[in-house]
Amino acid sequence: MTVFTAAGTTLAISAAVPANYTKAGYEALTFTQIGEVSDLGDIPSRVYDIVTWRNIANRGDSKAKGGYTLGTQTITVGIDPKDAGQALVDTATNSDAFYSVKISNPNLGDVYGRALVMGGPRNYGDTNTIATRQITLEYSIVSQTEDGIVIVLPT
Amino acid sequence: MIDTIAKRAFNLNGSDYAEGAKVPMPLQQFQDLEPTGLVERAPKPSKPKATAPARTRTKAAEPAAVPPAPTESQSPDMAD
């Protein structure tokens, strides 16, 4: 079998900045897991913009890769007032600082990155709905030469 | 690792802690979680009073006998 599900995946954050943006740098941090995650959304990675140019003389588009973004991750969690990770999300929402993020899957490995925690509005739904939050993370490069994204494949 | 106290019940990385429970964690994680109001630093345990070694009284050494210095009036040269 060569494909896997998200089962067993955890999401965790920390306010700490790694000493360097490597496996060792991130692994030196202690992360706090966000509990009751039901959907992880998009895992951060580069996605380039398309740039097009159309010369009216020949009608066809020329295309080039432009800038890129590391993306936005929207996570759905069931509201748990006792969860330390969700409490940390509230603190991070009120901060302008970037947070370290760890997404860990038992079969696919770990993905680390640096993101702004934009918020997690609550949705209580109706009587047949679990009350949830939609937490949004905005990933950013960490310097002009580094994305800050580190993927650690399982051994 | 440092000792912290749970200010209210919470779940941290899969473990449940009751209010007032001692929660050991790395200093960096405490610095993350302190602004949430979930934990506070545990007071440092009071140091047990060091018991002083039992003193044994020893007799003070006798002061060395010093002959009295001769005074002018007692000087044999001056006696005549």
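The paragraphs below walk through a predicted model with chains A and B, starting with chain B and ending with two loops of chain A.

Let's begin with the layout of chain B. Its secondary structure consists of 2 helices and 5 strands. If you follow the sequence along, these elements appear in the pattern β-β-β-β-α-β-α. Of the 80 residues in chain B, 12% count as buried. Among contacts in chain B with a separation of 6 or more, 45% come from residues 24 or more positions apart.

Next, look at where the two chains meet. Here 13 residues of chain B are in contact with 14 residues of chain A. On the chain B side, strand 2 (10-12) and helix 1 (27-33) each supply at least two of the touching residues. Helix 1 of chain B gives the largest share, with 4 residues. Sorted by class, this side of chain B holds 7 nonpolar, 5 polar and 1 charged residues.

Now turn to the inside of the structure. The largest nonpolar core has 37 residues, and those with the most contacts inside it are A:Ile13, A:Ile34, A:Ala84, A:Leu88, A:Tyr99 and A:Val101. Several elements of chain A each supply at least two residues of this core, including strand 1 (10-14), strand 6 (72-78) and strand 7 (99-105), and strand 2 of chain B does so too. The largest share of the core, 5 residues, comes from helix 2 of chain A.

That helix deserves a second look. Helix 2 of chain A spans residues 84-93, and 7 of its 10 residues are buried, so the helix is largely enclosed by the rest of the structure. The buried residues are A:Ala84, A:Gly85, A:Gln86, A:Ala87, A:Leu88, A:Val89 and A:Ala92. Another member of the core, A:Val101, shows how distant parts of the sequence meet: leaving aside neighbours within four places in sequence, A:Val101 is in contact with A:Ile13, A:Tyr112, A:Gly113, A:Ala115 and A:Leu137.

Finally, visit two loops of chain A. Most residues other than glycine have a negative phi. A:Glu36 is not a glycine, yet its phi is positive, at about 60°. You will find A:Glu36 in the loop between strand 2 (32-33) and strand 3 (37-39) of chain A. It counts as partly exposed because it has 16 C-beta neighbours inside 10 Å. A:Arg59, also not a glycine, has a positive phi of about 75°. This residue sits in the loop between strand 4 (47-54) and strand 5 (61-69) of chain A. With 7 other C-beta atoms within 10 Å, A:Arg59 is exposed.

Notes: Residues numbered from 1 in each chain as written. Chains lettered and ligands numbered in written order. Predicted model: local features only at pLDDT ≥ 70, side-chain atom pairs only at ≥ 80, totals over all residues. Contact = placed C-beta atoms within 7 Å. Nonpolar A, V, L, I, M, F, W, Y, C, P; charged D, E, K, R; others polar. Buried ≥ 20, exposed ≤ 12 C-beta atoms within 10 Å, placed from the backbone. Core = buried A, V, L, I, M, F, W, Y, C linked by C-beta atoms within 7 Å.
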